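Reader: I'm new to this one, so could you walk me through it and tell me how you know what you say?

Author: Sure, have a look first and then fire away.

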Amino acid sequence: MDLRHLRHFVAVAEELHFSRAAARLGIGQPPLSQSIQALEAELGARLFERTKRRVELTEPGQLLLGEAREILARAERAAVLTRRAAKGEVGELRVGFTAAAPFLPMVPRIIDAYRRAHPDVHLTLVELPSKQQLTALADRRLDVGFIREPRFVPEPESFRFHDVVREPLLAVMRADHPLAGREVVPLAALRDEPFVFYPADFGTSTHEQVFALCAAAGFRPNVTQDAREAFTIIGLIAAGLGVSILPGQLRQVALEGVVYRPLDTPDAVTTLQLAQRSNESSPLVKKFTGLVERIVPFVPPVGGG
């Protein structure tokens, strides 16, 4: 059924006058009459009773009027939604983030700015370690992800990264630890300390970064207790199970008896990045990454301890 015929029919049904309906539609009366005749022939039903003085809807015409209005309204909604989807204004955006990412003020700021700019986009936020986010991006289970800069990326040409925040890696220990009194902790001084840290198979980039940092200092962390959440690691440190090295924003976890100290090496830094597929064509993703690039045109400098 031609939507053009339906539009012509509705105009005549509402005006009950062919000349006025033709003027409303901006077409001539003969083409309008031909359009109505074609619709009647297609449906096998007479839609109007016509006399020289008046035009009236038949019973089939009255039934069609309600249906035609609904069809035209739905077609218009579909067209509007399609145009808005092409502009990245509607749909679902799946955003990955690491457990500690919300502690960085920049990440909530980005999410809030995007929600305000695009209130009709449904944001699905998924917490995953960095390596698992890259896998989910490759499998198209995520659209973008806030990850810790990975040391090794499988098929790096498949991804694009934008630095969001660079921050220090800090030594985390109990306040009564012998090293807690120092303003800056020598990394080498942690050589023989028991570590509380992420398991190697958990998929955090922080694990790779810290092990590489310690390797450069000539030792391998002695992980005597592992935990999958940063908050659990800090809690276990408070319980006296060891020390750790964690991203600086976790200083906001102000657990009694736990202190955070900068390390003595300039390499003790970590970068939160926004990751996306390199061949991304989604308007939703382009809108999100464009907003991030406007808010974070450069990486802020590393903060102190």
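Author: One thing up front: this is a predicted model, where local features need pLDDT of at least 70 and side-chain atom pairs count only at pLDDT 80 or more, while totals for chains, interfaces and linings use all residues. Residues are numbered from 1 along each chain as its sequence is written, and side-chain values use heavy atoms, with hydrogens and water left out.

Reader: What makes you say how spread out the protein chain is?

Author: First the parts list: the chain has 9 helices and 11 strands. Those are DSSP runs numbered from the N terminus, helices being H or I with at least four residues and strands E with at least two. The radius of gyration is 32 Å, well over the 19 Å that the globule rule gives for 305 residues, so the chain is more spread out than a compact globule. That radius is taken over C-alpha atoms, and the rule is 2.2 Å times the number of residues to the power 0.38. The C-alpha trace spans about 105 × 40 × 30 Å along its principal axes.

Reader: Why is Gln209 called buried or exposed?

Author: Buried means under 20% relative accessible area, exposed over 50%, and partly exposed in between (1.4 Å probe, protein chains only). Gln209 has 10% relative accessibility, so it counts as buried. Across the 305 residues of the chain, 45% count as buried.

Reader: And what makes Asp226 count as buried, exposed or partly exposed?

Author: Asp226 comes in at 42% relative accessibility, so it's partly exposed. This residue lies in strand 8 (residues 222–226). Leaving aside neighbours within four places in sequence, Asp226 is in contact with Phe197, Tyr198 and Pro199, contact meaning heavy atoms within 4.5 Å.

Reader: What makes the link between the side chains of Gln209 and Thr270 a polar contact?

Author: A polar contact is a pair of N or O atoms within 3.5 Å; within protein, one must be able to donate a hydrogen and the other to accept it, and residues adjacent in sequence count only if both atoms are side-chain atoms. The Gln209 and Thr270 side chains make one at 2.9 Å. The side chain of Gln209 also reaches the backbone oxygen of Glu149 at 2.8 Å. Gln209 itself sits in helix 7 (residues 205–216).

Reader: How do you know where the buried residues of helix 2 lie on the helix?

Author: The buried residues of helix 2 (residues 18–25) are Phe18, Ala21 and Ala22. Seen down the helix axis, they fall within an arc of 100 degrees, so they line one face; the arc is that of the directions from the axis to the C-beta atoms. In general, an α-helix has 3.6 residues a turn, so residues three or four places apart point the same way. The buried residues of helix 2 pack against helix 1 (3–15), helix 3 (29–43), strand 1 (48–50) and strand 2 (55–57).

Reader: How does the length of helix 9 compare with what's expected?

Author: The expected span is 1.5 Å times one less than the number of residues. Helix 9 (residues 283–295) has 13 residues and reaches 18 Å from its first C-alpha to its last, close to the expected 18 Å. At its start, a side-chain oxygen of Ser282 comes to within 3.2 Å of the backbone nitrogen of Leu284.
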